[in-house]
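Me: I would like a close look at one part of this structure, and at how that part fits among its surroundings. Please take it slowly and explain each term where it comes up.

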Amino acid sequence: MSNVIEYGIRRNFVVVAVMLAALMQLADTTIVNVALPTIDGSLGASTDEGAWFVTAYIIANVIIIPLSPWFQTLLGRRNYFAISIAGFTVTSVLCGLANDTTTEIALRFVQGAFGGGLMVPAQQIIRDTFPPKELAKSQSLFALAVVIGPVIGPTLGGFLTDNLTWRWVFFVNLLPGIAATILVMLFVRDPEKPRRIPFDVFGVALLAIGLGCLQYVLDEGERNGWFDSTRITLTALAAVVALVAFVFYELYGTKTPGIALRVFRDRTVWGLSIIYFAIAGGIFALVFIQPQWTQESLGFTTTLAGLLLMVRAGVLVMLYPVTTWVTSQAHWDMRWIAIVGTFVAGFATWLQTFVMTTHTPFMALVFTQALSGVGYAFIWVPLSVALFKRVPQKDIPAALALTRLVQQIGASVGSAYAATLLDRGFDSSLNDLASSVTRHSVAVASAIEQHGSQAIGVLSELVAQQASNLAAVDATRFFALATMAAAFLPMILPRTTTPRVAPAPVPPPLPPLRGELEPLKEPALR
């Protein structure tokens, strides 16, 4: 493996290329969501068809992520990364030009496939561009993209949709994509030469079926009543059968597995997979809930709801030097840093539930958003440092791909369960509140007197608004507590500290050998 460490302006260009690619991919997971109603109306898609604009992208994304080490070996890391960026950019522009639902869904699937090849090479490249002593610095930079990308997506999507057209949600990737592709081809170097390796057709087919069915269940389950739906039940069964068959085939049925599942024997890899699944599930569920609550209960615009999330991202950027310094301390255990960061993020969200009403002002939420940003600053970086420190170099591509896949699945599970809690919480709260609305209530009598024949409509709207707020509060509290509980999972990882080496004691001076002349002493002055 050749040395690809860079310095000076060359390193800066590599970092810019990697950050642009990562930000495009991560922002695109959320940027389309806010524009869905507009896209549906423009293309004449139903709500169910419009949901596939997001579902198709995510399904392709999760299928490609575990295959990225194979593509890197075959094509070379630089070439595969550049192809992924260029393909993502081109399909993004084509998505913006689409004029019918079928074409849009197909293009989103292809875009997701190219997007799946961005994150794993990006993290490897930025790691190898810095010397080993600057591991924490490289991972702190990458963490900025991981946190900022999903946050700027809704803000940017809302701004572009409100002020231009929904097509700019896709066109916005053009210039960053071109710049990133050129910079990668000019400045990124391959640590190893490409080489031919067998393609595990049967294993990849099982993986694609299993992950595709699983992601479909997670995205469409709540909309179709989960296992009350025959289609969801059969799809979930197909996912289980395909994934179990895939695991047995990769471990025992082939001599050339396409996915290196055996890296799960490493305690760091399986431990991080559990941690990423739990923490990503909690955090991304909260990111899913908050914009809905601020827009539906508080009446925030999409842009204002996004700006609230940007408070958290701004704190993370300001703490970048602190995060780098803390995670650079070789004698500090990264597990405890991740524990503190995760607990603070969950605690900040729990505090927020005490100010969540239908009239909460923007500034009342700034403190808890900033505090959660402090927590996020110390979650992903120490965990990434732990991976690179403990996993053997030859296993890092597979370890990154698999832990990234588990993180993506955890985020999907968290978001799906959040949607379920919101829907069921709304129904439960609506029934409870509606049963208390009677003519004997002073508030109801006052509303009838004030609004006359329109009182029923006004009361129904108020009750629905309160029910929506209560559902959001309960769901937020649940995931805040779940995040705090998951905070202690990093203790399953091995220690990451470098033991202090005590300085060697200075030996006493040796006595002069026999026969050796004593040093002459100067005569004392009289």
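Reply: Of the contacts in the protein with a separation of 6 or more, 84% join residues 24 or more positions apart, where contact means heavy atoms within 4.5 Å. This is a predicted model, in which local features need pLDDT of at least 70 and side-chain atom pairs count only at pLDDT 80 or more, while totals for chains, interfaces and linings use all residues. Residues are numbered from 1 along each chain as its sequence is written, and side-chain values use heavy atoms, with hydrogens and water left out.

The protein has 21 helices and zero strands; both are DSSP runs numbered from the N terminus, helices being H or I with at least four residues and strands E with at least two. Among its 526 residues, 52% are buried, which is to say under 20% relative accessible area, with exposed meaning over 50% and partly exposed in between (1.4 Å probe, protein chains only). The accessible surface comes to about 24,800 Å², and carbon and sulfur atoms hold 67% of that surface; these areas come from the Shrake-Rupley method with a 1.4 Å probe, and for residues only the protein chains shown count as cover.

The part to look at closely is helix H1, residues 8–31. Two packed helices are described by the angle between their axes and the distance between the axes. The axes are lines fitted to C-alpha atoms, for helices over the stretch in contact, and the angles run from 0 to 180 degrees between N-to-C directions.

One partner of H1 is helix H7 (residues 119–129), which packs against H1 at an angle of about 160 degrees, with the axes 10 Å apart. That angle makes H1 roughly antiparallel to H7, since angles over 145 degrees count as roughly antiparallel, those under 35 as roughly parallel, those from 65 to 115 as roughly perpendicular, and the rest as oblique. The crossing of H1 past H7 is left-handed, a word used if the near helix is turned anticlockwise from the far one by less than a right angle, whereas clockwise gives right-handed. On the H1 side the residues that meet H7 are Arg11, Val14, Val18, Ala22, Gln25 and Leu26, and on the H7 side they are Met119, Ala122, Ile125, Ile126 and Thr129. Sorted by class, this contact has eight nonpolar, two polar and one charged residues; Ala, Val, Leu, Ile, Met, Phe, Trp, Tyr, Cys and Pro count as nonpolar, Asp, Glu, Lys and Arg as charged, and the others, Gly among them, as polar.

Another partner of H1 is helix H8 (residues 135–163), and here the axes come within 7 Å and cross at roughly 40 degrees. That makes H1 oblique to H8, and H1 passes H8 in a right-handed crossing. The contact of H1 with H8 has 17 nonpolar, four polar and two charged residues.

If you follow the chain on from H1, you reach Val34 in the loop between H1 and helix H2 (36–43). Val34 counts as partly exposed, because its relative accessibility is 24%. Leaving aside residues up to four places away in sequence, Val34 touches Pro154, Gly157, Gly158 and Thr302. The C-alpha atoms of Val34 and Leu156 are separated by 9.4 Å, although these residues are 122 apart along the chain.

It may help to set H1 beside another pair of helices, H16 (residues 334–352) and H18, whose axes come within 8 Å and cross at roughly 155 degrees. H16 is therefore roughly antiparallel to H18, and their crossing is left-handed. Met334, Ile337 and Ala338 of H16 make the contact with Pro382, Leu383 and Val385 of H18, and by class it has six nonpolar, no polar and no charged residues. Helix H18 (residues 380–390) is largely enclosed by the rest of the structure, because nine of its 11 residues are buried.

A last residue to find is Gly112, in helix H6 (residues 101–115), which counts as buried because its relative accessibility is 0%. Apart from residues up to four places away in sequence, Gly112 touches Tyr57, Ala60 and Asn61. The C-alpha atoms of Gly112 and Ile58 are 6.2 Å apart, with these positions 54 residues apart along the chain numbering.
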